[in-house]
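Good morning, and thank you for coming. I would like to take you through a structure that is new to this group, and I ask that you keep it in view while I speak.

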Amino acid sequence: MKFTLTKPFILRCFLISLFLSLPFLFLHLFSPQPPITTTTTTATTGLKIRPGYTSYETYIQRQLNKTLNPKLRKIWTTRDWNRKIPVFAKFFQQLKTNNLLQQTSKALCIGARVGQEVEALRRIGVVDSIGMDLVPYPPLVVKGDFHNQPFDNDTFDFEFSNVFDHALYPHKFVAEIERTLKPNGVCVLHVALTRRADKYSANDLYSVEPLVELFKNSLLVHVVRVDGFGLDTEVAFRKKPPNRHKL
């Protein structure tokens, strides 16, 4: 028996095959694309960048989601304000005792939110102090991205931060500190080594060695245990003076 393929029959076959292929087409077009990956900036395995950020804008927006959270901002300016300032003041007073901070120091607090650290510095007499964050909080905190500080070279005698874990690019975070610190200036970081930070963190630090590697123009001063609101280690660096070649 001989079969003849008619145009209506061919058209029906085409439409059926197209209908059956639609789910696979939609799956390909609308399935999530793999995120942009970032690699660690050190040769050790002690610092890992968390995956999941598709762009720098995505990262910034995630940080703003925390910083602009009205419930958190109310806590930071009420309950946390009275609870944390005395603790920060104690940390800074100890740094003064160790000659890492002076009354006359020009100080910067990085990632300062509403300025609790700045207020603590001013209460112990370091009055030339300012904070920096993505969202300003006048008069204690100015607007700035710690990956690209809005300050000139060699501006500060002292810089403090407890948000290293929020840096998507740790090498830029540290490079900006070393750029804006004066020669012989001191940087103090509070970090978590024995526990993982919160969901807004962009990296996880497992040892001090990656920090030593990142601070290429500074010398390690000390590493001490602290109880800093979930952060357990204080690491201090002093920026090296410029090289002066003898004639």
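**A buried pair and what surrounds it**

Let me begin with two residues, Arg50 and Asp204, both of which are buried. Their side chains form a salt bridge, with an N to O distance of 2.9 Å. Where do Arg50 and Asp204 lie? Arg50 sits in the loop between strand 1 and helix 2, and Asp204 belongs to strand 7, residues 203-205, so this pair ties together parts that are 154 residues apart in sequence. As general background, side chains of opposite charge can pair when their charged atoms come close.

I should say at once that this is a predicted model. Every value I quote is computed from that model.

**The chain as a whole**

The chain contains seven helices and nine strands. Of its 247 residues, 45% are buried. Turning to contacts with a separation of 6 or more, 65% of them are between residues 24 or more positions apart.

**The nonpolar cores**

In soluble globular proteins, nonpolar side chains tend to be buried together. In this model, the largest nonpolar core has 34 residues. Which residues have the most contacts inside it? They are Phe146, Phe164, Phe173, Ile177, Leu189, Val191 and Leu211. Several elements each supply at least two residues of this core, including helix 2 (56-67), strand 3 (129-133), helix 6 (170-180) and strand 9 (231-239). Strand 6 gives the most, with four residues.

Please find Leu189 on the structure. Leaving aside residues up to four places away in sequence, Leu189 touches Ser161, Phe164, Phe173, Ile177, Leu211, Phe215, Thr233, Glu234 and Val235. Apart from the largest core lies another, of 27 residues, and among them are Val114, Val186, Val188 and Val226.

**The largest pocket**

I turn now to the largest pocket, which has a volume of about 490 Å³. Its lining consists of 27 residues, and the closest to the centre are Lys66, Lys84, Arg113, Asp198 and Phe229. Which elements give two or more residues to this lining? They are helix 3 (70-77), helix 4 (79-97) and helix 5 (116-123). Helix 4 gives the most, with four residues. By type, the lining divides into 10 nonpolar, seven polar and 10 charged residues.

Phe229 deserves a second look for its backbone. Its phi is near 60 degrees, a positive value in a residue other than glycine. Phe229 is found in the loop between strand 8 (218-228) and strand 9. Is Phe229 buried or exposed? With a relative accessible area of 29%, Phe229 is partly exposed, because that value falls between the 20% limit for buried and the 50% limit for exposed.

**Two further points on the backbone**

Asp154 also has a positive phi, of about 55 degrees, although it is not a glycine. Asp154 is placed in the loop between strand 4 and strand 5 (156-161), and at 39% relative accessibility it counts as partly exposed.

The other point concerns a peptide bond. The bond from Pro138 to Pro139 is cis, with omega near 0 degrees. Pro139 is in the loop between strand 3 and strand 4 (141-143).

**Salt bridges within helices**

Let me return to charged pairs. How many salt bridges does the count come to? The count comes to eight, and the pair with which I began, Arg50 and Asp204, forms a salt bridge.

In helix 4, Asp80 forms a salt bridge with Arg83, the closest N and O atoms being 3.0 Å apart. These two residues are three apart in the helix, so about one helical turn separates them. Asp80 is buried, at 5% relative accessible area, while Arg83 is partly exposed, at 43%.

In helix 6, the side chains of Glu176 and Arg179 meet in a salt bridge, at 2.9 Å from N to O. Glu176 and Arg179 are likewise three residues apart, separated by about one helical turn. Glu176 counts as buried, at 10% relative accessibility, and Arg179 is partly exposed, with a relative accessible area of 24%.

Finally, salt bridges that share partners join Asp80, Arg83 and Lys84 into one network. Lys84 has already appeared in this talk, among the residues closest to the centre of the largest pocket. Thank you for your attention.

Definitions and conventions
Residues are numbered from 1 along each chain as its sequence is written. This is a predicted model: local features need pLDDT of at least 70, side-chain atom pairs count only at pLDDT 80 or more; totals for chains, interfaces and linings use all residues. Side-chain values use heavy atoms; hydrogens and water are left out. A nonpolar core is a set of buried Ala, Val, Leu, Ile, Met, Phe, Trp, Tyr and Cys residues joined through side-chain atoms within 4.5 Å. Buried means under 20% relative accessible area, exposed over 50%, partly exposed in between (1.4 Å probe, protein chains only). Contact means heavy atoms within 4.5 Å. On a 1 Å grid over the protein atoms alone, a cavity is a set of points where a 1.4 Å probe fits but cannot get out, and a pocket is an open set with protein on both sides within 12 Å along at least five of seven lines; lining residues have an atom within 4 Å of a point. Grid points are joined across faces, edges and corners, and a volume is the space filled by probe spheres set on the points. Ala, Val, Leu, Ile, Met, Phe, Trp, Tyr, Cys and Pro count as nonpolar, Asp, Glu, Lys and Arg as charged, and the others, Gly among them, as polar. A salt bridge is a side-chain nitrogen of Lys or Arg within 4 Å of a carboxyl oxygen of Asp or Glu.
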